[in-house]
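I opened the notebook to record what I looked up here. My topics are empty space and the contact between chains.

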Amino acid sequence: MKSATFPGGLGLPAVDAGVTQAFESCPSSQKVIIPLKQHTGNPCDAAVKKGAEVKIGDLLGENTDEDAASVHATISGKVIEVIKKFPDMYGGYSPAIVIESDGKNETGEFSLGLSGSSDSLSLIQEAGIVDLDVEPIPLYKKLSFAKEKSVNTLIVNGVDVELQLSSRASLLSEYAQEVASGIEIIKEILGVATVYIGINENAPKSVSAVTSVCSSAHVVALKAKHPQNIKELLIKAILGKEVPSSKSPEEIGVTVISAETVFFVARAINEKKPLLERFITITGSSIKSSRNVLVKIGTPIMDVLEYCGVSSIGTGKVIIGGPLMGIAIHSTNMPVTKETTGVYIQQEGDVVEFSSGVCIKCGLCVQVCPMRLMPHLISGFSESGEYAMAEQTDIFSCIECGCCAYVCPVLIPLVQWIKFGKSEIRAQRSSE
Amino acid sequence: MKTPELVVSAIPHVHSGNSIQKIMTNILIALLPAIVIGVYFFGIDTIRVIVIAMASAVAWEAILQKIMARRIVINNLSGAVSGLILAMLLPPTAPWWMICTGTFVMILLGKEIYGGLGNNPFNGVLIAWVVLQMSFPDCMINWMAPPGEFFTEAPPLEVLKFEGLNSISEYFTNGGLLMGQSSGFIGEVSTLMLFVGGAYLIARKVISWHIPVSFFAGIILFSGIFWLVNPAEYASPLFHLLAGGAFLAAFFLATDMSSSPVTPAGMLIYGILCGVLTVVIRLWGQWVDGAYYAVFLISILTPLLDKIKSKVYGR
């Protein structure tokens, strides 16, 4: 059978992170930093003060509106600081709570569901679950919106954020049962009949594991291609439909939820456990063996790298996510959060400089663009300040997947120019 | 571990390693089989033409870039490739001064005056070739026949034009045309070798299939109509494909990056128009071979064809 896919994109050689059978648990850190905003939206309000003693699972921040998601303590110990402005990887900041471990790792009484309401949706909200993908929003908000739009199709995104990462595929092969249970829960919440699970065909173990336990869902093997993870392209590959621009998938009756999210939904409902950890892949250009690890939220990235045996990076890059779409962070003191999709390390010698030559109109960017845009034109318009032309050439349809700049023979930083153009247009609009 | 100093920059963080130099190297490799056949049939003199063309093209490029106070980028090999392609469009007897004039025009009017590689509206090689055709018509038809028993020194399309269809079957076989057993420009004679080179470029993703395939489709369809109506008067589509510069033009000239469209629809229309115009010029034009003129003229439409955008996702 031909695997489902979308036109364009890159068939990159996937670095084999060796779909590991068991995730290694990264040991608890001496000190964790837990930001009160770990998603797209608003930060939640701090529920603890400096000096408070907390146990694992205790509430640190309460969600006050549906744009916020609550956060919980991931180690036991003492709150040593409440930082007002802690930097996030996007260049913004949010308050954060720093906990120093007492070394006991005591688990508190999980309070999920004790507040009275016991329906699944409010449990999900209490558990602080966000849709664990790039730029996540609180799952409660996402599901409520999907319900409101009465979606009829659920797509479980089992495709890793990028081809070099494999934590999602590993999760599916190891915890297929939990994922199946999570699917049933979400199905019930949304009242949908049709469920698809999209998995990369290069993870046959995951495909067969999921096929054997999820009887009610259609498992779709997808061609391993970048950027298959993006929901618009997942919908294109699985359903053959396109999401009209400026509309959300929910408005055409589809919602896409990542497999990891589904797993944590099952945990929250069945075991009443809040979201305390993430499954991530640690990989990179010169890392000998990639590792899939289970990391507690708040663990400094430095500690995770040390656990994985990364000794020196030089003046390299630490990228949250994959090498094409991930965000380079400025410090390894930053913690793993609900937004951490993976860590990609680039040693000093492997850092690429986009020296920006003159476009030779080779058309390679047009060939690879999965949205069928003309990246060289949009980038050129942004560079020269022709924002009206950039908008006419559909700058806002760009999903910033990085394919165009990856293939460009004269190393034009196309995505950077396009992002710049978008922000300039937005700034112009808001000042009007 | 010490807290490392990190680099922060926009996405993407990796690159394919593609470069102009790699693209040009691939084109040089792709041209090699046709060159070998040219040297084999027309003798050592062809090497003289090729060396002068490549060396003078690179030299002009360096000189002009120096004069125009630009960064000298001859190591991206684009000058060398243009020089080689121009050499392939010359007869083996071309005099050195004509070659140097050609490469000067090619680099100046075909490239540097517009701001360098990528900004030229026309294929520089063809600008130079057209100038040479108009300025030194005698030198451009000073043919040399390949060794062996030959009835004519004229290239196949010239025979078709001036002696008619019957002489064609007398002088040439399809197999011979495939291998390059006819006179003509250095690089155009062996259709098979050009095909091998073109297929290599498509396989290496240097060019896409759209332009060559639609170019051939244009030739076959348009010449096929006349041939079906009156096979006694008009040459077959197969002859139009194998004779003259169709393959050289379709694989190596029409696919010139900056003067050809970039969208699939644009490329297909461009290719078909090139093919049709090739046949039109061959049937009714004053020139013998229409392929090169066709590419030259149709590239005027490129900015227009680039306006035919693909349907954007979700629009």
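**Cavities**

I began with the largest cavity, which has a volume of about 370 Å³. The model is predicted, so I read each value as computed from it. My count by the rule was eleven cavities of 30 Å³ or more.

Next I asked which residues lie nearest the centre of the largest cavity. I found M24(B), V81(B), S82(B), D256(B) and M257(B) there. The whole lining of this cavity comes to 27 residues. I then noted the elements of chain B that give two or more residues to it: α1 (20-42), α3 (78-88), α4 (96-110), α5 (124-135) and α13 (246-253). Of the elements, α3(B) gives the most, with four residues.

I sorted the lining of the largest cavity by class. It divides into 16 nonpolar, nine polar and two charged residues.

**Second largest pocket**

I moved on to the second largest pocket and noted a volume of about 1000 Å³. Its lining has 38 residues, and the closest to its centre are L364(A), Q367(A), V368(A), V407(A) and K205(B). I wrote down that both chain A and chain B appear in that list.

Which elements each supply at least two residues of this lining? From chain A I listed α9 (364-368) and α12 (403-407). From chain B I listed α1 and α14 (264-284). The largest share comes from α1(B), with five residues. I also met α1 of chain B in the lining of the largest cavity.

By class, I recorded 21 nonpolar, twelve polar and five charged residues in the lining of the second largest pocket.

**Contact between the chains**

I then turned to the interface. How many residues does each chain bring to the contact? Chain A brings 66 residues, and chain B brings 39 residues.

The size of an interface is often given as the accessible area lost when the parts come together. I therefore looked up this area next. Between chain B and chain A about 4400 Å² is buried. Carbon and sulfur atoms give 61% of that area.

I checked charged pairs across the interface. The rule finds three salt bridges between chain B and chain A. One of these joins the side chains of D306(B) and K361(A), at 3.1 Å from N to O. For polar contacts, the rule finds 21 residue pairs across the interface, with both residues at pLDDT 80 or more.

My last entry is the make-up of the side of chain B that touches chain A. I noted 16 nonpolar, 16 polar and seven charged residues on that side.

Definitions and conventions
Residues numbered from 1 in each chain as written. Chains lettered and ligands numbered in written order. Predicted model: local features only at pLDDT ≥ 70, side-chain atom pairs only at ≥ 80, totals over all residues. Heavy atoms only, no water. Contact = heavy atoms within 4.5 Å. Buried area = accessible area lost by both parts, 1.4 Å probe. Salt bridge = Lys/Arg side-chain N within 4 Å of Asp/Glu carboxyl O. Polar contact = N/O pair within 3.5 Å; in protein donor to acceptor, adjacent residues only side chain to side chain. Nonpolar A, V, L, I, M, F, W, Y, C, P; charged D, E, K, R; others polar. 1 Å grid on protein atoms, 1.4 Å probe; cavity = no way out; pocket = protein on both sides within 12 Å on 5 of 7 lines; lining within 4 Å. Points joined across faces, edges and corners; volume = space filled by probe spheres on them.
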